[in-house]
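Subject: Structure handover and notes

Hello,

Here is the structure for your set. My notes follow below it.

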Amino acid sequence: MTNLLANRQWYGKIFGGQWIDGSGETVESVEPATGEVLGVIGTATAADIDRAAHIASAAQPEWAATIGQDRASVIRKAAQILEAERAEVERWLIREGGSVPGKAAFEVDLVISELWEASALPTQPCGHLLPASQRGRSSIGRRVPLGVIGVISPWNFPLLLAMRAVAPALALGNAVVLKPDVQTAISGGAVIAELFTAAGLPEGLLLVLAGDAEPGQALCESPLIAMVSFTGSTAVGRQVGETAGRTLKRVSLELGGNNALIVLDDADLDAASSAGAWGSFLHQGQVCMTAGRHIVLESVADRYLDLLAKRASVLPVGDPNTGNVALGPLINARQIANVDRIVQDTKEAGAEIRAGGTYEGLFYQPTVLAGVTSDMPAFREEIFGPVAPVVVVKDEDEAVRLANDSEYGLVAAIQTGSVERGERIADRLRTGIVHINDQTLNNDAYAPFGGAGASGNGARFGTQSSWDEFTTWQWRTSRPAAQTFPF
């Protein structure tokens, strides 16, 4: 894959046998840190999605019939190629998506893990021997592929959030039509196409078409798409669920979060403030698992605020491709305007800016807000920027009540000197994920991931969850010979 990505003419019709440049308008891939044009992408239309769905539908049965060891071999090969060519992929994550080098390396590590975990799926047992209800009849329940999976992926962790659906779906015998966000169509789409082409995936099983609303809606409406796996905002996720529901297709929704980091009065405050800074500022806060609400017991709130603000004030911000920085740019001007609106409206409502609160271009300074209450915008809204709102509470009960006072339910973290105390609080939190003495941003390829409420429709991904997501049960019986019946 070396040099192929760097020299590719992105407006060509076919990329690596798997990337299909759409017939719609072309858009520029722009580096957010500098405004430099990195390439030109042809966006997909509804007609392109229909064509891709037909191609994938025709190719899928043969892939499903391929023995598990051969499917596993393709996935393993993709992991090995990515490991060998990771430096080039990381550069695209840095330049196209604004990742700092550490985040880019972290994302590639996670994707390699996803590929290796997915490669184990095809050789796992795929059914059950069922009790025979009639003499001479055998009965089994077996998992079979759904068919063609539509994957709609976002720009913030573009490679990971596409691959964690693409890899297990392919491993389990499905074909995939992937629609990456146009802002990261190379690192979240073309890279994946090239990886699997180089790994020997037969043509027609992975088709990658970049675009926005039109191709996304076409995926949801297509009768040839058996399932849509969507990662993105809650607002768009609701539209995806509504549209896909009309064709009764399966839908996996991994949506937004407004996640609570609870700091108890027995916590190690130096460690807690480090977890808080990492949880709020990693990738400029543009992560669904970002710590969006720091809920701190009042007896330790002043000290925690001082430590958190001090950490925020010394974090360097700049171009991650040329400087040694902790935070890079936000993805676009619309995003930075929304972040600043929330910060300024929260300040006007009575909060105090203890660090940051300013920006230049697409670079927003890591920001700490003190005196935040539950009726302020920074408490209620998913900010998706480098902002740490701190809410002071009297006791554990109030901390739990405020943590649950959100339409979202993705992840929470608890900082405490007592694991048992943390476990008791965790039992009361309405989230799909809870981390004790950790921060909110964690991902293991083998662990179920998902939230409740406006954060999505349940846990998915992970080894067992992948079987649940990308296959369906078939009951099969057989007799050695046909028999007659009363009619």
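Is G409 buried or exposed? G409 is buried, with a relative accessible area of 2%. Please keep in mind throughout that this is a predicted model.

Strand residues

G409 sits in strand β19, which covers residues 408–409. Leaving out residues up to four places away in sequence, G409 touches R430, T431, G432, G451, A452 and S455. A C-alpha to C-alpha distance of 8.4 Å separates G409 from I433, and the two are 24 residues apart in sequence.

Q415 belongs to strand β20, residues 411–415. Its relative accessibility is 6%, and the cut-off for buried is under 20%, so Q415 counts as buried. The side chain of Q415 reaches the backbone oxygen of D438 at 3.0 Å. D438 is also on the contact list of Q415, which leaves aside neighbours within four places in sequence. The other entries on that list are L261, I262, V263, L264, A267, A271, A272, A275 and N437.

T367 is in strand β17, residues 367–370. At 0% relative accessibility, T367 counts as buried. A polar atom of the T367 side chain lies 2.8 Å from the backbone oxygen of Q365. Not counting residues up to four places away in sequence, T367 touches F281, V343, I353, A355, G356, G357, P386, V387 and A388.

The annotated position

Which residue does UniProt list for "active site"? The residue is E254, and the listing comes from an unreviewed entry. In the model, E254 is found in strand β11, residues 250–254. E254 has a relative accessible area of 1% and is buried. Its side chain makes a polar contact with the side chain of R164, at 2.8 Å.

Helix pairs

Two packed helices are described by the angle between their axes and the distance between the axes. Two pairs are given here in those terms.

The first pair I looked at is helix α4 (residues 86–97) with helix α5 (residues 101–119). They pack at an angle of about 125°, and their axes are 9 Å apart. That angle makes α4 oblique to α5. The crossing of α4 and α5 is right-handed. On the α4 side, the residues that meet α5 are R86, V89, E90, L93 and I94. On the α5 side they are P101, A104, A105, E107, V108, D109 and I112.

The other pair is helix α10 (residues 269–281) with helix α11 (residues 298–313). The axes of α10 and α11 come within 9 Å and cross at roughly 50°. The two helices are therefore oblique to each other. The crossing of α10 and α11 is right-handed. From α10, the residues involved are L269, D270, A272, S273, S274, G276, A277 and F281. These meet V300, R303, Y304, L307, L308, R311 and A312 in α11.

Some α10 residues turn up again in the strand contacts. A272 meets α11 and is also in contact with Q415. F281 likewise meets α11, and T367 touches F281.

Regards

Definitions and conventions
Residues numbered from 1 in each chain as written. Predicted model: local features only at pLDDT ≥ 70, side-chain atom pairs only at ≥ 80, totals over all residues. Heavy atoms only, no water. UniProt positions renumbered as here; feature names shortened; annotations may be inferred. Helix = DSSP H or I, 4+ residues; strand = E, 2+ residues; numbered from the N terminus. Buried < 20%, exposed > 50% of the residue type's maximum accessible area, 1.4 Å probe, protein only. Polar contact = N/O pair within 3.5 Å; in protein donor to acceptor, adjacent residues only side chain to side chain. Axes fitted to C-alpha atoms, helices over the stretch in contact; angles between N-to-C directions. Parallel < 35°, antiparallel > 145°, perpendicular 65-115°, else oblique. Left-handed = near helix turned anticlockwise from the far one by under 90°. Contact = heavy atoms within 4.5 Å.
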